[in-house]
Amino acid sequence: MKLHLSAPSNKLLHNNIQITGSKSESNRSLLLQALYPNISIKNLSNSDDAEVMQKGLKIENGVVDIHHAGTAMRFLTGYFASQEGKEVTLTGSQRMTERPVKVLVEALQNLGAEISYEKNDGYPPIRIKGKKLIKSQVSLPANISSQYISSLLLIAPSLQNGLELDLVGKITSVPYIKMTLALLSQIGIENSFEGNTIKVSPKASVDDVSLVVESDWSSASYYYSIVALSEVGSEITLSAYKNNSLQGDSALQELYTKFGVETQFEGNSVVLRKIENPKEQKVQFDLSNAPDIAQTIAVTCFGLGMECHLTGLHTLKIKETDRLEALHTELSKLGANIMVTDKELTLSLSDTMHVDIAIDTYNDHRMAMAFAPLALKVPLYINDAGVVSKSYPDFWKDLEKLGFISKTI
């Protein structure tokens, strides 16, 4: 599916958008529900990632194919390793077989898990024979993806002796670790996070509880970008969001003030308003705690003719694609002056913005969605736009609702 996008006839935008539940919260909640079946979940994500997570959790033996869902790969590795009597081969797409899992696998093996590699050492597919894990102490590098850490924390209360996890070095993605611990607290699991040590107490059962999944702040980033690139006076209302969010990407509220966007909470909704054009020519953000919004911010800056220097992006190289190199390639096509390293991105001022360029998505929904708002500035094509439908089924419909002109080629 190739999509041609162009700007609404009126760039003064006003509309209401319903965002599906957070994938991050949904997949954490689903794993906890598998461990404690009397947990109920509301506002579950309707994404492909949540769907494959639900399917995977129901499998007792055989092959579990999680396609492109990196979160499901990490979380299910921990889950199946701790489930005595279950034996599965965990695999995914070609890109998934290139994404490392060795750090997590070794940590689980140190706890007593039985896991082996089917092909390449350190990478999926992996064969897991579930066992009762008795050991309760393990360490991990602190600067790795928080999904490795959360995979261990989520199964920790189901382990006979709980878990003491030591993080070695400088911790990154702290909000996602705190999200996991907050969910544990909500279901009555005792835990602590002091210095570089996290402790989770064991608990055989929990009281009946309902977990309400907040809408996804990563998804909100694309609407922040749309508002930033629209005319002053534009306003988009998104639901449903919490002022005291568990999600690291809620940092959007502060970051997008640099682009003239004001955030206001009204009940369970958040209102995004373009109140002014940017006052600064350059922004510098450390996105260690919210790397998934780097693509959106880089495209926003390019669309506004601003420079940016983004740091803390080391985890982007092992996502659905190498997102830093992908950004470099696609923004360069559009005329951007951009440099990337293995953990930083620098965008310099550019005199040109090319029209009707075809943006490749690399089978990564965030690439497609991050570039789509740029149609407010120049018409463009999105190649393989169907990848978005699996993760955020309503996104293209939302753009049409906002007046974007789209045509399937």
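In the predicted model, four strands assemble into an open sheet whose order is β4-β5-β7-β6 and whose pairing is mixed. The edges of the sheet are formed by β4 (61-65) and β6 (114-117), each of which pairs on one side only, and the twist from one strand to the next averages 20°. The edge strand β6 is joined to strand β7 (residues 126-129) in the antiparallel sense, over four bridges, and within β7 it is Ile128 that stands opposite Ile115.

Helix α3 (residues 70-81) packs on this sheet, where it touches β4, β5 (87-91), β6 and β7. The direction of α3 makes about 170° with that of β5.

A further packing arrangement involves helix α1 (residues 23-35) and helix α2 (residues 48-57), the axes of which come within 9 Å and cross at roughly 10°. Because angles under 35 degrees count as roughly parallel, α1 and α2 are therefore described as roughly parallel to each other. On the side of α1, the contact is made by Lys23, Asn27, Leu30, Leu31 and Ala34, while α2 contributes Asp49, Ala50, Met53, Gln54 and Leu57. When these residues are grouped by class, the contact of α1 with α2 has six nonpolar, two polar and two charged residues; Lys23 of α1 and Asp49 of α2 are among the residues that make this contact.

Technical notes: Residues numbered from 1 in each chain as written. Predicted model: local features only at pLDDT ≥ 70, side-chain atom pairs only at ≥ 80, totals over all residues. Heavy atoms only, no water. Axes fitted to C-alpha atoms, helices over the stretch in contact; angles between N-to-C directions. Helix = DSSP H or I, 4+ residues; strand = E, 2+ residues; numbered from the N terminus. Parallel < 35°, antiparallel > 145°, perpendicular 65-115°, else oblique. Contact = heavy atoms within 4.5 Å. Nonpolar A, V, L, I, M, F, W, Y, C, P; charged D, E, K, R; others polar. Pairing = 2+ DSSP bridges.
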